[in-house]
Amino acid sequence: MRMVVLLLSVMMVYVVLMDATVESTAEFDPYKVLGVTRSASQAEIKKVYKRLAKEWHPDKNKNPEAEDMFIKITKSYEILTNEEKRANYDRYGQADSTHTNGRGHHGFRHFHGNFYFDESFFHFPFNNKGGRDFADSKYTLHFNQYINEVVPDSFKRPYLIKITSDWCFSCIHIEPVWKETVQELETLGIGIGVVDVGYEQRLANHLGAHQTPSFLGVVNGKVAFFHYAVVKGHLMQFVEDLLPQRLVEKVTDKNNQEFLKSWHELNKPHVLLFDQVPSVPLLYKLTAFAYKDYVQFGYVDQGLSETTDLLRKFNINTYAPTMLVFKEDVEKPADIIQAKGMKKQIIDEFISNNKFLLAPRLVNQKLFDELCPVKQFHRRRKYCILLITGEEESFATGNEAFLSLASANTNDVLRFAYVYQRRQQPLCDVFLKNKDSTPPQVNVIFFMHFCFEKKILEHYRG
């Protein structure tokens, strides 16, 4: 009974407000609301709007009419800063393009053309210490934070950023969509940010964001703007489209050997995901983007007749997605994982544990530092065995023996790597200061634990 009374009360209030709005908006004039002339420039309108919005904001102005006045101010600003709406109002007395004999529609519809009263009435954001009903403070970005954290991180994962403001009345309507989208994107590991132009005008200008609400994406340090209807599906697709093309190669029975055998040229492990959906899952694309410097990614659509040989060869069960990682041996996976509803945390752990070949070629300082990190505590140290060799056929036997040694010692304590002396002579000169560095020869250098060196050298002499 109490619920019925409450519902009837709400409906009565709604009707009263609607009737009052119909009466008041019959004389609604955006020029009079803002106190500007019909020839006022955009700069003048913007200046007046900022002053009036601050003066009549319901959180600061306790006048009972503050909310209604703030709504009128915001609506007036939206009309007069939009060329089409302003022209329509000047000609027909209403903001939208529909008209009847030069007169506008019913006052209520005229005033609320872009204001969904039912949503804003029940979810009004003002007088709420926490802001809107979705706590954006967790994602608030500042200029230095964006430059020093978001931009570098965008080379590993994309960001979706919302541009908003305390004075943006239209921002209310996107909150439910924004909240639902953020909750799903976060589980995928996508970065989220919110820029309030009222407090971070410098960052908004840097991003080129001049309207609220608006959305933009950041990937590899580059900014792209969202230009579609604000619905979850569009925002999800926008984020996916931010990613570079060809992150994941489609693999079938015809090209699987070519894909897997490129490990030597690319100096990377190769991962195959087997799944029953025709398109590559977004989570897998995001993983490929995050680990693109370490691993090559392929996707096998289990529903295709062109992949049956692969499924049979690796004994793939089709009841759940399966991920295989291949290193130097293209016939046998080095690791495997299979799970229904594969989560980001599980995939990240799987890839992190397999992001190096058994014996990768050292090509830069970053790879060297990751393979042989400097650790303060002895038990955390990695003992690194480096082979200095060549690409010629005469080195093949020694190189194969080194790979066999690496394959037989796959624990996390020993790390194996090699360099081609002719390609990286300066690095080799550092290690071979007191030795004859004239090729051809094979040199094995053991870092941080020299008691193994004699045994390894004997392995090569044998």
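Student: What is the relative accessible area of Lys313?

Tutor: Lys313 has 40%, so this residue is partly exposed. Partly exposed lies between buried, under 20% relative accessible area, and exposed, over 50% (1.4 Å probe, protein chains only). This is a predicted model, where local features need pLDDT of at least 70 and side-chain atom pairs count only at pLDDT 80 or more, while totals for chains, interfaces and linings use all residues. Residues are numbered from 1 along each chain as its sequence is written, and side-chain values use heavy atoms, with hydrogens and water left out.

Student: Which side chain does Lys313 meet in a salt bridge?

Tutor: That of Glu331, at 3.0 Å from N to O. A salt bridge here is a side-chain nitrogen of Lys or Arg within 4 Å of a carboxyl oxygen of Asp or Glu.

Student: And where do Glu331 and Lys313 lie?

Tutor: Glu331 is in the loop between strand E8 (322–326) and strand E9 (335–338), and Lys313 is in helix H15, so the pair ties together parts 18 residues apart in sequence. Helices (H or I, at least four residues) and strands (E, at least two) are DSSP runs numbered from the N terminus. Glu331 is partly exposed, at 45% relative accessibility.

Student: OK, which residues do shared salt-bridge partners join into one network?

Tutor: Glu180, Glu184 and Lys232. Within that group, the side chains of Lys232 and Glu180 come to 3.7 Å, N to O. Lys232 belongs to helix H11 (residues 232–242) and Glu180 to helix H9 (residues 171–187), so this bridge ties together parts 52 residues apart in sequence. Lys232 is partly exposed at 26% relative accessibility, and Glu180 is partly exposed at 42%.

Student: How many salt bridges does the whole structure have?

Tutor: The search finds 14. Another of them pairs Asp309 with Arg312, closest N and O atoms 3.0 Å apart. Both sit in helix H15 (residues 308–313), three residues apart, about one helical turn. Asp309 is partly exposed at 44%, while Arg312 is exposed at 59%.

Student: New topic. What is the nearest side chain of opposite charge to Asp275?

Tutor: Lys340, 11 Å away; Asp275 is buried and has no salt bridge. Lys and Arg count as positive, Asp and Glu as negative; His and the chain ends are not counted.

Student: So what does Asp275 touch?

Tutor: Beyond four places in sequence, Asp275 contacts Pro281, Tyr299, Val300, Asp301, Gln302 and Pro321. Contact means heavy atoms within 4.5 Å. Asp275 itself is in strand E6 (residues 270–275).

Student: How do the axes of H4 and H5 cross?

Tutor: At roughly 100 degrees, with the axes of H4 (residues 66–80) and H5 (residues 83–92) coming within 6 Å. Axes are lines fitted to C-alpha atoms, for helices over the stretch in contact, with angles from 0 to 180 degrees between N-to-C directions. The two helices are therefore roughly perpendicular; that class covers 65 to 115 degrees, with under 35 roughly parallel, over 145 roughly antiparallel and the rest oblique.

Student: Which residues meet there, H4 against H5?

Tutor: Glu78, Ile79 and Leu80 in H4 meet Lys85, Arg86 and Tyr89 in H5.

Student: Last one. Where is Val223?

Tutor: In strand E4 (residues 222–225). Val223 is partly exposed at 35%. Its contacts farther than four places along the sequence are Tyr146, Leu207, Leu216, Gly217 and Val218.
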